[in-house]
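Here are my notes for you to read with the structure open. I've kept them as numbered points so you can tick them off as you go.

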4 protein chains.
Amino acid sequence: MTTATGAVEADQDRKAPGRPRSARADEAIIEAVLDMLAEGTAFEALSIEAVAARAGVGKATIYRRWPNKEALLFDAVKTVKGEPAQMGGGSVREDIVALLAPAGHLEHSRAGQIMPCLLAEMQRSPELRHVYQRISEPRRDLMRTVLRRGIAEGTLRPDLDLDMVVALLFGPLIAQSLVHWSPDTAREDLIERLVTAVWPAIAATAPADGS
Amino acid sequence: MTTATGAVEADQDRKAPGRPRSARADEAIIEAVLDMLAEGTAFEALSIEAVAARAGVGKATIYRRWPNKEALLFDAVKTVKGEPAQMGGGSVREDIVALLAPAGHLEHSRAGQIMPCLLAEMQRSPELRHVYQRISEPRRDLMRTVLRRGIAEGTLRPDLDLDMVVALLFGPLIAQSLVHWSPDTAREDLIERLVTAVWPAIAATAPADGS
Amino acid sequence: MTTATGAVEADQDRKAPGRPRSARADEAIIEAVLDMLAEGTAFEALSIEAVAARAGVGKATIYRRWPNKEALLFDAVKTVKGEPAQMGGGSVREDIVALLAPAGHLEHSRAGQIMPCLLAEMQRSPELRHVYQRISEPRRDLMRTVLRRGIAEGTLRPDLDLDMVVALLFGPLIAQSLVHWSPDTAREDLIERLVTAVWPAIAATAPADGS
Amino acid sequence: MTTATGAVEADQDRKAPGRPRSARADEAIIEAVLDMLAEGTAFEALSIEAVAARAGVGKATIYRRWPNKEALLFDAVKTVKGEPAQMGGGSVREDIVALLAPAGHLEHSRAGQIMPCLLAEMQRSPELRHVYQRISEPRRDLMRTVLRRGIAEGTLRPDLDLDMVVALLFGPLIAQSLVHWSPDTAREDLIERLVTAVWPAIAATAPADGS
DNA sequence: CGTTAATCGAGACGGTACGTCCTGTCTTCGG
DNA sequence: CCGAAGACAGGACGTACCGTCTCGATTAACG
């Protein structure tokens with residue numbers, strides 16, 4: 001695949017003459033970027049020079065791989081995949097809670113620290129947005145699978161607007177992590193409250209109907 | 001009152017010796033900032049020098065009013081209040097849709113263009129976050145009022161977790177405006193789909209109906 | 001006067017709006033360059049960054065005045081005028097020796113330290129050569145005046161090729177200062193030996209003639 | 001013998017295991033340097049990378065032979081020997097003119113193009129100066145031989161300060177080639193004018209005549 | 001005749017200087 | 001005193017070169 005602004009990958013299988021690029025440098029650079037992002041480094045202070053210094057790398061080594069700062073950020077974010085958020089195979093409700101957990105505690109993971117920093121950039125860069133979507137899609141897909149299982153089991157209503165329910169579950173958590181509406185003390189059981197609030201809309205309680 | 005990072009206001013009522021500050025300059029600067037934000041100017045390109053040039057103003061005229069770039073942004077955002085989103089006094093469901101409308105079409109207003117740019121900054125600056133909350137609070141409060149009216153009318157369930165329902169309604173729209181999960185074609189009736197999906201969770205169980 | 005590559009002088013008499021350029025910065029920069037040249041700083045080590053650091057000046061302050069390193073050198077050299085080499089008004093021979101003295105001891109003055117560094121650049125830059133010529137011309141002219149006085153007094157031959165005699169007197173000293181042909185011990189009385197050697201060619205000894 | 005800054009020569013007669021150094025590379029490198037110098041390449045643009053590219057050689061191949069750029073220049077210059085400036089065995093004056101000719105037309109030969117570039121470096125590097133002296137010494141020696149022959153013939157004065165006369169003859173030409181004092185139109189018969197001007201100082205006083 | 005070892009072109013490595021641009025402060029004018 | 005204009009010290013940008021290093025591929029002489 002060819003990324004628009006990403007690293008210049010010599011993706012040919014042809015032999016590359018000359019000294020090969022150092023994998024250690026690649027890792028050190030990306031790690032330095034992610035660490036600085038996660039540390040809460042002000043976005044303007046995330047200078048290439050600082051990255052180079054922190055990674056123990058020359059500036060040219062960075063610019064040999066990425067044409068500019070934006071592209072470096074781009075690829076750094078691409079590497080933030082996070083764990084697929086295993087669900088224990090319990091009840092549908094338990095699985096939903098398990099899937100929401102990482103999104104509910106975004107501020108405690110490096111990925112969570114990083115995401116908000118990129119939102120502004122995403123507004124301008126469709127590519128960066130695509131990356132974000134690609135990262136979040138697997139979790140959303142997993143959620144859809146769980147919902148379909150619930151429908152099959154009869155636990156959930158069969159006429160669910162799947163995409164909207166997914167948005168209903170993730171959206172408030174994402175917004176909360178950005179805006180911090182609720183006081184911090186209430187955040188602990190936020191996911192539980194959220195699922196409880198949404199549950200009547202999705203559970204297959206026989207007679208009640210709203211549409 | 002002196003805000004932490006806000007404009008340095010000469011809040012004394014005492015006579016100000018010398019030439020008074022130009023109100024035209026104030027407006028021109030704020031307008032320049034908002035225009036550039038709304039135009040999709042890259043955040044890093046929103047330099048004080050560019051703002052000064054666009055406003056036809058000297059750099060010192062800006063720094064005399066705000067101590068730094070952040071404070072300028074801060075005050076610029078404060079002026080974006082937006083209209084309180086009038087609701088026609090119809091059914092509860094109609095009012096909810098009316099209140100969600102501006103948030104659902106964020107990308108078509110200047111305020112909507114500006115918001116995402118501030119989210120990243122908000123992560124670092126609690127003050128800026130406070131401003132955002134102050135701006136959004138009236139709308140959320142209005143929503144709570146409508147929900148309470150619905151409960152009183154018997155249209156909505158009396159045991160609603162009000163804050164969570166508000167989050168359930170606004171959160172997905174905010175997340176959507178930032179992440180653009182859904183394809184653009186589906187966005188038109190996004191609010192309708194959202195309310196429809198949420199409705200079973202909030203509508204009074206047995207007899208009442210909101211459509 | 002407008003120099004081709006020299007400093008961008010606002011030679012208009014019109015008022016210049018804004019803060020005027022700092023004369024202290026001008027001096028500090030030029031002095032730093034000349035000091036570093038005279039100290040025997042390797043030409044490649046004469047970096048703009050080093051000059052800025054030594055002058056206690058930002059790099060932009062240098063680049064605001066000169067477009068590049070070459071132009072800075074150019075103007076720095078222009079300021080090296082050296083003293084007009086006073087001659088005591090003694091005999092013609094004594095005056096000649098007095099005029100040659102600074103050229104004969106070039107390596108002991110800052111100007112002498114600087115000149116050789118510029119010769120290579122002069123080969124490419126006619127402008128720089130012009131500066132060198134402008135600096136050296138007064139001395140050469142003074143020498144011509146002395147020679148004409150000697151001719152008028154009858155001390156020197158009336159048919160002298162003035163320019164060539166000047167070249168005969170300065171040329172060997174210049175070449176010597178660059179190439180260091182003679183061992184250092186012989187340099188003390190070099191001027192005396194030179195004048196002694198040249199003297200028969202210019203003195204008005206009546207009968208001898210070579211042409 | 002190992003020169004301080006010169007090429008690292010494997011001066012042992014011992015067997016050299018492994019692949020021997022390519023003589024073609026040696027030549028190509030030196031030729032590339034001399035060509036670029038003669039082409040008027042700005043001295044700062046004479047980068048090792050450019051030399052390597054021009055010579056069709058890897059950078060390491062250069063650094064394996066010379067420790068740094070200076071040493072490469074050093075050896076490149078050493079190879080510029082120039083022809084010994086044949087003299088036709090005519091009169092002493094004719095021989096002098098013949099010996100001066102190459103120095104008088106320095107700017108038309110590659111050697112002449114190169115020399116000025118080295119003068120600046122010579123100021124720092126005694127070694128490089130030594131090379132220059134070694135190159136120029138044969139010509140100066142030849143001149144001394146001619147002068148001694150003139151003295152023996154009775155054409156020249158017997159009490160000449162030989163070294164000074166040599167300096168008197170070469171010095172002005174060298175200075176002229178660097179500084180370009182005289183206008184170009186006068187340069188054609190420069191040597192003739194020089195010898196004519198010097199002649200009275202060296203010709204035997206009474207009877208002899210050199211023209 | 002296969003081993004061995006230094007060479008070759010190529011190019012990545014950590015550094016450093018370049019010349020440009022922006023920040024936040026300052027210093028001059030004219031109003 | 002304010003306003004515009006713009007210079008100031010500082011520092012990051014992205015480029016180019018230095019001198020070193022590491023590749024796979026030669027290329028001889030030794031065994």
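The points below go through the two DNA strands, then a few residues and a helix in the protein.

1. Before anything else, keep in mind that this is a predicted model.

2. Start with DNA strand F. It has 45 residues around it, and the closest are Y63(A), R19(B), S22(B), T61(B) and T61(C). Of the atoms of DNA strand F that come within 4 Å of the protein, 68% belong to sugar and phosphate.

3. Two backbone contacts to the phosphates of strand F deserve a look. In chain A, a backbone N or O atom of E49(A) sits 3.0 Å from a phosphate oxygen of DNA strand F. In chain C, a polar backbone atom of G56(C) is 3.2 Å from a phosphate oxygen of that strand.

4. There is a base contact on strand F too. Zoom in on R19(D): a polar atom of its side chain is 2.8 Å from a base oxygen of DNA strand F. As for secondary structure, the elements giving two or more residues to the surface near DNA strand F are α2 (48-55) and α3 (59-63) of chain A, α3 (59-63) of chain B, α3 (59-65) of chain C, and α2 (48-55) and α3 (59-63) of chain D.

5. Which element gives the most to the surface near DNA strand F? That would be α3(C), with four residues. Sorted by class, the surface near DNA strand F comes out at 17 charged, 15 nonpolar and 13 polar residues.

6. Now DNA strand E. Here 47 residues are around the strand, and T61(A), I48(C), Y63(C), T61(D) and R64(D) come nearest. Sugar and phosphate make up 66% of the atoms of DNA strand E that come within 4 Å of the protein.

7. Chain D offers a handful of phosphate contacts on strand E. The side chain of T61(D) puts a polar atom 2.4 Å from a phosphate oxygen of DNA strand E. An N or O atom in the side chain of R65(D) is 2.7 Å from a phosphate oxygen of the strand, and a polar backbone atom of G58(D) is 3.3 Å from one.

8. For the surface near DNA strand E, at least two residues each come from α3 of chain A, α2 (48-55) and α3 of chain B, α2 (48-55) and α3 of chain C, and α3 of chain D. The class split for this surface is 16 nonpolar, 14 polar and 17 charged.

9. Back to T61(D) for a moment. This residue is in helix α3 of chain D. Is T61(D) buried or exposed? T61(D) counts as buried, because its relative accessibility is 18% and the cut-off for buried is under 20%, taken over protein chains only. Neighbours within four places in sequence aside, T61(D) is in contact with A25(D) and I29(D).

10. Over in chain B, have a look at helix α1, residues 23-38. This helix has 16 residues and reaches 22 Å from its first C-alpha to its last, close to the 22 Å expected at 1.5 Å a residue. Its buried residues are A25(B), I29(B), I30(B), A32(B), V33(B), L34(B), M36(B) and L37(B).

11. Last stop: D161(A), in the loop between α7 (126-153) and α8 (162-179) of chain A. D161(A) counts as partly exposed, because its relative accessibility is 29%. Its side chain makes a polar contact of 2.7 Å with the side chain of R193(B). Within chain A, D161(A) and I202(A) are 41 residues apart in sequence and 9.5 Å apart in space, C-alpha to C-alpha.

How values were computed. Residues are numbered from 1 along each chain as its sequence is written. Chains are lettered from A and ligands numbered from 1 in the order in which they are written. This is a predicted model: local features need pLDDT of at least 70, side-chain atom pairs count only at pLDDT 80 or more; totals for chains, interfaces and linings use all residues. Side-chain values use heavy atoms; hydrogens and water are left out. A residue is near a molecule or strand if one of its heavy atoms lies within 4 Å of it. A polar contact is a pair of N or O atoms within 3.5 Å; within protein, one must be able to donate a hydrogen and the other to accept it, and residues adjacent in sequence count only if both atoms are side-chain atoms. Ala, Val, Leu, Ile, Met, Phe, Trp, Tyr, Cys and Pro count as nonpolar, Asp, Glu, Lys and Arg as charged, and the others, Gly among them, as polar. Buried means under 20% relative accessible area, exposed over 50%, partly exposed in between (1.4 Å probe, protein chains only). Contact means heavy atoms within 4.5 Å. The expected span of a helix is 1.5 Å times one less than its number of residues.
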